[in-house]
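Q: I have a sequence and a model in front of me. How do I start reading the features?
A: Take one feature at a time.

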Amino acid sequence: MESKVETEERVLLGVPSECPRPNFHFAPPGGCDHLLGFKFPSIPGIPPVRDALAKRFSAGSIDETGKLGRMPKEEWKTHLSVLCGEFRRAEYHLSRFGAALELLKSRRRLAGGPTVGDPEPARALYCEAAGYLSAMRTAVDIIVYVAARRAGASVADAEDWKAARAICAPSASLPTKYRTDDIRALRRHKDWFETLNHYRNCMTHRGWHEHSFGYFDRSDNTPQANNPFHNIMLVPDLGPLRQGARPDKWTYRERRWLDALVHAIESGALAALEDLLNAWELPETQPGRIPEEEQATVFLTVPFVPWVIDAKSPPVLHVFLSEDAARLFFEDFRKKSEEFRTFSFREVRRMKLQDDGDGYLVAYHSESLKSSAEVHLHTVLSEKDHVIAKVGFCPSADNNGPSKGLLWFRTPDLNLESVFVFSHAGR
């Protein structure tokens with residue numbers, strides 16, 4: 001029996017003691033799997049995905065909107081989805097960066113003193129900044145590739161389009177192939193891209209001072225605040241980075257601060273991507289009907305199970321307590337008719353649902369059935385199929401599971417991690 005303290009610890013870790021009741025249920029037509037959504041608690045240290053930058057790219061991928069030029073539709077949708085993923089990755093690192101920065105500030109205030117060393121969160125701060133810049137820079141590379149494909153370049157030629165050349169080359173020497181609407185949108189933000197590119201290259205390809213392990217505010221007047229050996233917030237001047245200098249040649253005369261750099265990249269990205277979204281004609285997204293605080297965070301695919309298989313009355317759902325039991329029954333069943341060759345069996349894993357305890361969940365089509373049906377539980381006994389239990393229920397009722405069209409059931413042995421059920425192959 002789990003103690004109250006253990007339960008509280010599980011909740012703090014983002015693992016509830018039971019799976020909460022679903023707050024989202026999608027039942028597609030045609031005998032397809034259902035989709036359930038649950039609101040699990042947030043995980044300390046892992047920010048939720050808000051995808052502020054990603055929403056329009058994601059919507060374009062799903063709704064097939066936007067100006068794709070000469071790019072094939074499926075390729076267009078795929079790359080919009082990939083861009084959405086990169087912006088979500090960037091936002092994740094940005095949120096973690098902000099959390100680590102606030103942690104460093106608070107610990108610095110607590111420790112006092114003229115100098116302080118706090119290497120673990122300081123290193124985390126740098127890693128999150130590097131992750132953020134890396135994700136943003138990767139997104140720009142993908143955008144330039146998409147620009148090439150929209151303009152009609154082959155895959156091989158599109159791979160040769162380089163972001164730094166396309167965005168930063170002087171207008172007089174810019175190759176004709178780069179004179180597209182989306183590249184022009186990025187070129188309006190050349191300074192932003194150069195800063196992003198140089199600092200990303202610095203962090204990714206040149207490394208960072210290992211011993212930059214303390215946090216100092218801009219108002220700190222101690223000498224260590226101006227020493228990158230002590231101050232994680234100091235970033236090198238842009239000039240040496242433009243020349244590809246190694247860390248021993250970096251200078252810090254401009255007193256650039258890491259948080260200011262990250263925020264400048266963030267605000268510049270918002271402006272550049274707004275111009276790009278307009279060039280691609282990706283429309284504004286509308287807020288969803290479900291408030292953000294009520295939206296599901298964990299999703300479960302519930303297998304749809306066909307019921308009227310062997311024309312029995314009442315209709316029967318066959319559940320197998322082992323894969324051997326399913327295979328044995330299945331082999332005999334397939335011999336009866338050619339039409340049953342489209343059927344297979346699938347695993348259903350045990351879950352612990354709030355108010356119901358341990359059990360298994362499947363989906364069915366209640367409107368096509370009569371007022372009664374049965375669940376038959378099969379096992380193997382003396383190398384033969386054996387039904388150990390029959391449970392009746394009303395398919396048209398609303399209380400067979402957490403919502404209509406779902407069946408929640410148990411087996412005599414709740415230690416089973418999974419059971420097996422019939423399904424249409426490929427569904």
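**Reading sheets, helices and contacts**

A: This is a predicted model. Begin with an open sheet of three strands, ordered β1-β2-β5, with antiparallel pairing.

Q: Which strands stand at the edges?
A: They are β1 (24–26) and β5 (298–302). Each has a single partner strand, so one side of each is left without a neighbour in the sheet. From one strand to the next, the twist averages 15°.

Q: How many bridges join β2 and β5?
A: Five, in the antiparallel sense, with β2 covering residues 34–38. For one position, look at H34: V302 in β5 stands opposite.

Q: What is the strand order in the sheet that contains β8?
A: The order is β8-β9-β12. This sheet is open too, has three strands, and its pairing is antiparallel. Here β8 (351–353) and β12 are at the edges. Each has a single partner strand, so one side of each lacks a neighbour in the sheet. Ignoring direction, neighbouring strands are turned by 55° against each other on average.

Q: How many bridges link β9 and β12?
A: There are four, and the pair is antiparallel; β9 spans residues 357–363. A363 faces L406 in β12.

Q: In what sense do β6 and β10 pair, parallel or antiparallel?
A: Parallel, over five bridges, with β10 at residues 373–381. V319 has L377 as its bridge partner in β10.

Q: Which way do the residues of β6 point?
A: V316, H318 and F320 point one way. L317 and V319 point the other way. All of them are buried. Strand β6 (residues 316–320) is thus mostly covered, with five of its five residues buried.

Q: Now a helix. Why do residues three or four places apart point the same way?
A: An α-helix has 3.6 residues a turn, so such residues share a direction.

Q: Which residues of α2 are buried?
A: In α2 (residues 55–63) they are R56, F57, S58, A59, G60 and S61. Their cover includes α3 (73–111) and α10 (258–279). After α2 comes E64, with a positive phi near 60°.

Q: How many aromatic pairs does a search of the whole structure find?
A: It finds 13. Take the rings of F320 and F329: their centres are 5.3 Å apart. Their planes are at 45°, so the pair is tilted. Tilted lies between the stacked and edge-to-face cut-offs of 30 and 60 degrees.

Q: Are F320 and F329 buried or exposed?
A: F320 counts as buried, at 1% relative accessibility. F329 counts as buried at 12%. The cut-off for buried is under 20%.

Q: Which residues form one aromatic cluster?
A: F57, W76, F87 and W280 do. F57 is also among the buried residues of α2.

Q: How many disulfides does a search of the whole structure find?
A: Zero. You can still check how covered a cysteine is. C32 is partly exposed, with a relative accessible area of 30%. C394 is partly exposed as well, at 28%.

Q: Last, a single residue. Where is S403?
A: S403 sits in the loop between β11 (384–393) and β12 (406–409).

Q: What does S403 touch?
A: Leaving out residues up to four places away in sequence, S403 touches H25, L36 and D398. The side chains of S403 and H25 are joined by a polar contact of 2.8 Å.

Conventions:
Residues are numbered from 1 along each chain as its sequence is written. This is a predicted model: local features need pLDDT of at least 70, side-chain atom pairs count only at pLDDT 80 or more; totals for chains, interfaces and linings use all residues. Side-chain values use heavy atoms; hydrogens and water are left out. Helices (H or I, at least four residues) and strands (E, at least two) are DSSP runs, numbered from the N terminus. A polar contact is a pair of N or O atoms within 3.5 Å; within protein, one must be able to donate a hydrogen and the other to accept it, and residues adjacent in sequence count only if both atoms are side-chain atoms. Contact means heavy atoms within 4.5 Å. A disulfide is a pair of cysteine sulfur atoms within 2.5 Å. Buried means under 20% relative accessible area, exposed over 50%, partly exposed in between (1.4 Å probe, protein chains only). Rings of Phe, Tyr and Trp (its six-membered ring) pair if their centres lie within 6.5 Å; planes under 30 degrees apart count as stacked, over 60 as edge-to-face and the rest as tilted. Two strands pair if DSSP finds at least two bridges between them. Axes are lines fitted to C-alpha atoms, for helices over the stretch in contact, and angles run from 0 to 180 degrees between N-to-C directions.
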